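Me: I should like to learn how to read the features of a structural model, one at a time. May we begin with a single residue and proceed to the larger elements?

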Amino acid sequence: MEFEPKILGFLCNWCSYAGADLAGVSRIQYPPNLRVIRVMCSGRVEPSFVIEAIKGGIDGVIIMGCHPGDCHYLEGNFEAITKFDLLKNLLAFTGLANRVHLEWVSASEGVRFAEVITKFTNAIQDLGPSPVKKQKKNSELLIDLNAMQRVVNDHRLRAIVGRKRALTQEENVYGEKIPEGNFEKFQLEAILDEFHRQKIILLAENKPISVKELAQEIKIDSGKILEHVVTLRGKGSLALDHINWCNINFRRRDWGDPSCS
Ligand code: FES
């Protein structure tokens, strides 16, 4: 039987949802795989909504909004681009980045709406079912997705991502702008660091774990893991559990536990 992907679409009320409506009343055909959530603006779509959908077994997610410059809230779709970049960067760590897509469709583009949905549905059909569906509880992929969900809610990272336009396009008080390439490099490093830190916390949640084991699980250098462990202990997110003859073991800190250090 041919694979029928489940596609979730977040459509902005003022442009893309109206474009979908126009496609419907004009009887333009497009694949019936799409389920729609109407949002007031594409900028309202949080990366965590998309990750939640992927965790739930959705095969592909498309976010659609007004063309740049046409957003009814002026800059909402620029926010959508920024949030989408963060999401794509994170999903790239798990090979799921090509299951999400951002597109602009106006209220008068019923034909284009149908074309975009058809193209995206075909692309997901070619990719096959989402690998998340076959995962067991606590599999590496699910831990990665849970870590991503925490990353996108991290206030430090949200502050960095939210300042991108201001820092790269407007001059600061010294008349300087940060080159976009430099900002992106810095942003990617911050995303990767936070992703690894959240994975460490998740892995230390159920049982004490050593730096060596963390390095094996996360597949990065143990020196880097140690750096993250020190940072997380400093923030009070990780506590020393016990020391045995060859390892120091850490666990997630339980807030209010006076024995944690
Ligand atoms: S109102 Fe449509 S993208 Fe903002």
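Me: Is Lys-219 buried or exposed?

Reply: This is a predicted model, and burial is judged here by counting neighbours: a residue with 12 or fewer other C-beta atoms within 10 Å is exposed. Lys-219 has 7 other C-beta atoms within 10 Å, and therefore counts as exposed.

Me: Where does Lys-219 lie, and what is its phi?

Reply: Lys-219 is placed in the loop between helix 9 (211–218) and helix 10 (222–235). Its phi is near 65°, a positive value in a residue other than glycine.

Me: Which value does phi take in Arg-27, and where is that residue?

Reply: For Arg-27, phi is near 60°, again positive in a residue other than glycine. Arg-27 belongs to the loop between helix 1 (16–25) and strand 2 (34–39). Because 7 other C-beta atoms lie within 10 Å of Arg-27, this residue is exposed.

Me: What would the opposite case look like: is Leu-86 buried or exposed?

Reply: The cut-off for a buried residue is 20 or more other C-beta atoms within 10 Å. Leu-86 has 23 C-beta neighbours inside 10 Å and therefore counts as buried. Leu-86 is located in helix 3. Leaving aside neighbours within four places in sequence, Leu-86 is in contact with Pro-47, Val-152, Val-161 and Ile-191. As for Cys-15, which is 71 residues from Leu-86 along the chain, the two C-alpha atoms are separated by 24 Å.

Me: Let us return to the loop that holds Lys-219. At what angle do the axes of helix 9 and helix 10 cross?

Reply: For a pair of helices, one reads the distance between the axes, the angle, the handedness and the residues that meet. The axes of helix 9 and helix 10 come within 9 Å and cross at roughly 115°. Helix 9 is therefore roughly perpendicular to helix 10, and their crossing is right-handed.

Me: Which residues meet between helix 9 and helix 10?

Reply: From helix 9, Val-211, Lys-212, Leu-214, Ala-215 and Ile-218 take part, and they meet Ser-222, Ile-225, Leu-226 and Val-229 of helix 10. Sorted by class, this contact of helix 9 with helix 10 has seven nonpolar residues, one polar and one charged.

Me: How does helix 8 pack against helix 9, and at what angle?

Reply: Helix 8 (residues 180–206) packs on helix 9 at an angle of about 120°, and the axes are 11 Å apart. The two helices are therefore oblique to each other. The crossing of helix 8 and helix 9 is right-handed. In this contact His-196, Lys-199, Ile-200 and Leu-203 of helix 8 meet Leu-214, Glu-217 and Ile-218 of helix 9. By class, there are four nonpolar, one polar and two charged residues where helix 8 touches helix 9. Leu-214 and Ile-218 thus appear in the contact with helix 8 and in the contact with helix 10.

Me: I turn now to the strands. In what order do the four strands of the open sheet lie, and is the pairing parallel or antiparallel?

Reply: Strands of a sheet pair through backbone hydrogen bonds, in either a parallel or an antiparallel manner. In this open sheet the four strands follow the order 2-1-3-4, and the pairing is parallel. Strand 2 and strand 4 (100–104) are the edge strands, each pairing on one side only. On average, neighbouring strands of this sheet are turned by 20° against each other, direction ignored. Six bridges join strand 1 (residues 7–12) to strand 2, and Leu-8 stands opposite Arg-35 in strand 2. Helix 3 (residues 76–91) packs on the sheet and touches strand 3 (60–65) and strand 4; the direction of helix 3 makes about 160° with that of strand 4.

Me: What is the strand order in the sheet of three strands?

Reply: Those three strands form an open sheet in the order 5-7-6, with antiparallel pairing. The edges are strand 5 (209–210) and strand 6 (238–243), each of which pairs on one side only. Strand 5 pairs with strand 7 (residues 248–252) over two bridges, and Ile-209 stands opposite Phe-250 in strand 7.

Me: How many helices and strands does the protein chain have, and what share of its residues is buried?

Reply: The chain comes to 10 helices and seven strands. Of its 261 residues, 36% count as buried. Its C-alpha atoms fill a box of roughly 75 × 60 × 30 Å, taken along the principal axes. Among contacts between residues at least 6 apart in sequence, 71% join residues at least 24 apart.

Key. Residues are numbered from 1 along each chain as its sequence is written. This is a predicted model: local features need pLDDT of at least 70, side-chain atom pairs count only at pLDDT 80 or more; totals for chains, interfaces and linings use all residues. Two strands pair if DSSP finds at least two bridges between them. Axes are lines fitted to C-alpha atoms, for helices over the stretch in contact, and angles run from 0 to 180 degrees between N-to-C directions. Angles under 35 degrees count as roughly parallel, over 145 as roughly antiparallel, 65 to 115 as roughly perpendicular and the rest as oblique. A crossing is left-handed if the near helix is turned anticlockwise from the far one by less than a right angle, and right-handed if clockwise. Two residues are in contact if their C-beta atoms, placed from the backbone, lie within 7 Å. Ala, Val, Leu, Ile, Met, Phe, Trp, Tyr, Cys and Pro count as nonpolar, Asp, Glu, Lys and Arg as charged, and the others, Gly among them, as polar.
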